[in-house]
Amino acid sequence: MSANLHVMPTVGATSSRGRSLHRWGPPALHGWTSPDAIFRKACAFFAVAIIGIFALLVYEIVRGSSLSLSRFGVGFLFERMWDPVVEHFGAATFAYGTVVTSTIALVLAAPVGIGIAIFLVEMAPERVSRGIGFLVELLAAIPSIVYGLWGLFVLAPIVREVLAPILHSTLGFLPLFAGESHGVGMLTGGLILAVMILPFIAAVSRDVLRAVPQTQREAALALGATKWESIWHVVLPYGRAGISGAIILSLGRALGETMAVTMVIGNNPQIVASLFDPGYTMSSVIANEYAEASSPLYLSALTEVGLLLFAVTFVVNGLARVLIWRMAGGHASEHA
């Protein structure tokens with residue numbers, strides 16, 4: 001028994017005479033009426049908006065600091081005097097405090113953060129790794145004002161009564177550990193920054209080490225390497241650029257931290273050699289004095305300090321991105 005089957009014409013099919021058959025479905029949408037086109041143009045607008053916001057931010061900071069730039073010029077970066085009464089301003093003292101506290105934070109936090117990442121990825125059982133990893137991420141979510149209160153009421157007394165006497169008795173011959181500590185100072189500011197950037201270094205380094213292919217570890221172990229040798233000679237070199245990027249990104253966080261450092265550094269606009277003495281940072285002086293700026297030049301000088309901090313942070317984060325892109329490019333070339 002035979003049946004006549006009706007063949008449905010398909011999209012794009014042509015008849016034997018070369019004429020296009022009827023297209024089934026709704027008519028095609030073109031231009032701005034297409035959902036894909038609308039979505040594409042909306043995403044492009046948002047991307048361009050980010051560039052516009054960045055440009056507007058730079059413009060406003062430069063415009064706000066124009067009076068100080070024209071008055072002090074490049075000497076603003078190297079002048080130590082900060083006297084609002086006579087309207088003579090220089091950022092060298094604040095740059096010095098920012099560099100010292102950030103260096104202390106990196107020296108202390110980087111080895112600990114990388115060690116935590118190695119333990120979580122290479123040594124800890126999965127259940128322990130998840131639990132400690134959650135605590136590390138929780139530390140990153142604590143507000144800076146809470147860190148500042150903890151530093152003022154817990155860390156500062158420990159520095160004054162325990163840490164400073166030990167450092168002074170053993171390394172007091174060095175100018176860095178000379179004098180008496182009152183709890184607040186650049187050492188305390190560096191310590192609080194180390195605690196704050198530690199979870200960032202640990203979390204990013206953990207993700208970098210997890211990205212190392214398992215075959216790299218297995219190949220090293222198959223050649224007779226120990227667990228430590230596999231980590232030191234294979235895993236860490238493979239993720240070196242990414243770990244460096246994590247450290248530099250954390251440095252950007254340390255450079256711009258405000259409230260916690262302001263509460264424990266002492267806020268003394270002087271360049272001193274001892275880490276026990278109070279100091280000042282660029283972000284701290286802006287937070288403390290911006291609301292009290294009583295003259296246009298005073299306000300412009302504080303804005304120029306913010307411009308300097310913005311430029312340093314932009315360069316640091318850019319360097320971190322370059323290192324991360326370098327790592328990604330190196331991995332792609334190795335797998336090609």
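Student: What share of the chain counts as buried, and what makes a residue buried?

Tutor: Of the 336 residues, 37% count as buried. The term means under 20% relative accessible area, with exposed meaning over 50% and partly exposed in between, for a 1.4 Å probe and protein chains only. The model is predicted, so local features need pLDDT of at least 70 and side-chain atom pairs count only at pLDDT 80 or more, whereas totals for chains, interfaces and linings use all residues. Residues are numbered from 1 along each chain as its sequence is written, and side-chain values use heavy atoms, without hydrogens or water.

Student: Why does Phe-72 count as buried?

Tutor: Phe-72 has 17% relative accessibility, which is under the limit for buried. Phe-89 has 0% and is therefore buried as well.

Student: How do you know that Phe-72 and Phe-89 form an aromatic pair?

Tutor: Rings of Phe, Tyr and Trp (its six-membered ring) pair if their centres lie within 6.5 Å; planes under 30 degrees apart count as stacked, over 60 as edge-to-face and the rest as tilted. A search of the whole structure finds 13 such pairs. For Phe-72 and Phe-89 the centres are 6.2 Å apart and the planes meet at 90°, giving an edge-to-face pair. The pair links distant parts of the chain, 17 residues apart: Phe-72 lies in helix 2 (residues 66-72) and Phe-89 in the loop between helix 2 and helix 3 (92-123).

Student: What makes the pair of Trp-82 and Phe-89 edge-to-face?

Tutor: The ring centres of Trp-82 and Phe-89 are 4.7 Å apart and the planes stand at 65°, so the pair is edge-to-face. Trp-82 is buried, as is Phe-89. Both belong to a cluster joined by ring pairs, with Phe-72, Phe-76, Phe-94, Tyr-280 and Tyr-298 as the other members.

Student: How many helices and strands does the chain have, and what counts as one?

Tutor: The chain has 12 helices and zero strands. Helices (H or I, at least four residues) and strands (E, at least two) are DSSP runs, numbered from the N terminus.

Student: Why is helix 5 called oblique to helix 6?

Tutor: Two packed helices are described by the angle between their axes and the distance between the axes. The axes of helix 5 (residues 144-171) and helix 6 (residues 186-210) come within 9 Å and cross at roughly 125°. Angles under 35 degrees count as roughly parallel, over 145 as roughly antiparallel, 65 to 115 as roughly perpendicular and the rest as oblique. Helix 5 is therefore oblique to helix 6. Residues of helix 5 in the contact (heavy atoms within 4.5 Å) include Trp-150 and Leu-155, and those of helix 6 include Leu-191 and Val-195.

Student: What makes helix 3 oblique to helix 9?

Tutor: Helix 3 and helix 9 (residues 240-256) pack at about 140°, with their axes 10 Å apart. That angle falls in none of the named ranges, so helix 3 is oblique to helix 9. Among the contact residues are Leu-106 of helix 3 and Ile-247 of helix 9.

Student: Why is Gly-256 called partly exposed?

Tutor: Gly-256, found in helix 9, has a relative accessible area of 33% and is therefore partly exposed. Leaving aside neighbours within four places in sequence, Gly-256 is in contact with Ser-283 and Leu-309. Gly-256 and Ser-283 are 27 residues apart in sequence and 6.1 Å apart in space, C-alpha to C-alpha.

Notes: Axes fitted to C-alpha atoms, helices over the stretch in contact; angles between N-to-C directions.
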